[in-house]
Amino acid sequence: RDRSISMEQAKGRTVTGSYSSGTSGKTAKGESKATYKIEVMSFLDKIDISAASVKAVNVVKRKGNKLIGFNSDVFGFKESLKTWLMGVELEALIFGSGGSSLAVQAGLKALNIPFKIVSREIKKGDFTYSQLGQDPSIINRYHLLINATPKGMFPKIEEGPPISYENIGHNHYCFDLIYNPEKTFFIRHYLLILPFFFILEPNLP
């Protein structure tokens, strides 16, 4: 089973590039990016629960004379993860506590996957990166590792979550929301540690 996947691999198979990591926001209906995902909400007549749960809109649909806001990030992440894991039971560790992390949290809740959040500040999560460095057993307890930070996105492709990659083992599954590059720093270091795993085309529809 493939144990590492990037958003670029899922793109166009499970969903489309419309939700890739919560950064592009491109859809057939329109486009909103970054802080605009939040600001646009005040101009809408109705907010779907998908957007209300993460307090951000990246899809706007006109229904009659009403504008309705949706968020495709949660659906996209949930569906790609569900197909990829195929029922494997595990707990997740999310790196990052920003907007993309909110979509990941909502998706994990929908799939009944327990999770903890790693942030630079303890008040924004359950662990800090410093705690992970001091206690390797934390990563060992959570077998689904999700990068929901912008660390590693082009052009800063030699960056990644500030963790000890040697603590990642063969029981881990690694998911990176970053779609450019396809093989991020996070994924590449996972593969260096476990050279017998390869990023192959996932068996997605």
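This tour moves through a predicted model, from its nonpolar cores to a hairpin and then to its aromatic pairs.

Begin by selecting Leu93, Phe95, Leu132, Leu145, Ile163 and Phe186, which are the residues with the most contacts inside the largest nonpolar core, a set of 19 residues. To see where this core comes from, colour strand E5 (92–95), helix H6 (129–134), helix H7 (137–141) and helix H8 (185–193), each of which supplies at least two of its residues; the largest share, five residues, comes from H8. Next, centre the view on isoleucine 163 and display what surrounds it: leaving aside neighbours within four places in sequence, isoleucine 163 is in contact with Phe95, Tyr129, Leu132, Ile139, Ile168 and Phe186. A second core, separate from the one just shown, has 18 residues, and Leu90, Ala92, Ile113 and Ile146 are among them.

Now turn to strands E3 (residues 59–63) and E4 (residues 66–70), which run antiparallel and are joined by five bridges. Selecting valine 60 leads across to its bridge partner in E4, glycine 69. The two strands form a hairpin with two residues between them, and in the turn glycine 64 has a positive phi of about 65°. Just outside this hairpin, select asparagine 58, in the loop between helix H3 (49–52) and E3. With a relative accessible area of 1%, asparagine 58 is buried, and its side chain is joined to that of aspartate 73 by a polar contact of 2.9 Å.

The last stops concern aromatic rings, of which the model contains eight pairs. Select phenylalanine 127 and tyrosine 142 together: the ring centres lie 6.2 Å apart and the planes stand at 65°, so this pair is edge-to-face. The pair links distant parts of the chain, 15 residues apart, with phenylalanine 127 in strand E7 (residues 127–128) and tyrosine 142 in the loop between H7 and strand E8 (144–147). Both phenylalanine 127 and tyrosine 142 are buried.

Then move to tyrosine 165 and phenylalanine 185, whose ring centres are 5.7 Å apart and whose planes are at 75°, so that this pair is edge-to-face. Here tyrosine 165 sits in the loop between E8 and strand E9 (173–176), while phenylalanine 185 belongs to helix H8, 20 residues apart. Tyrosine 165 counts as buried at 9% relative accessibility, and phenylalanine 185 is buried with a relative accessible area of 14%. To finish, add Phe95, Tyr129 and Phe186 to the selection, which shows the cluster that ring pairs make by linking these three with Tyr165 and Phe185.

Definitions and conventions:
Residues numbered from 1 in each chain as written. Predicted model: local features only at pLDDT ≥ 70, side-chain atom pairs only at ≥ 80, totals over all residues. Heavy atoms only, no water. Core = buried A, V, L, I, M, F, W, Y, C linked by side-chain atoms within 4.5 Å. Buried < 20%, exposed > 50% of the residue type's maximum accessible area, 1.4 Å probe, protein only. Helix = DSSP H or I, 4+ residues; strand = E, 2+ residues; numbered from the N terminus. Contact = heavy atoms within 4.5 Å. Pairing = 2+ DSSP bridges. Polar contact = N/O pair within 3.5 Å; in protein donor to acceptor, adjacent residues only side chain to side chain. Phe/Tyr/Trp six-rings, centres within 6.5 Å; stacked < 30°, edge-to-face > 60°.
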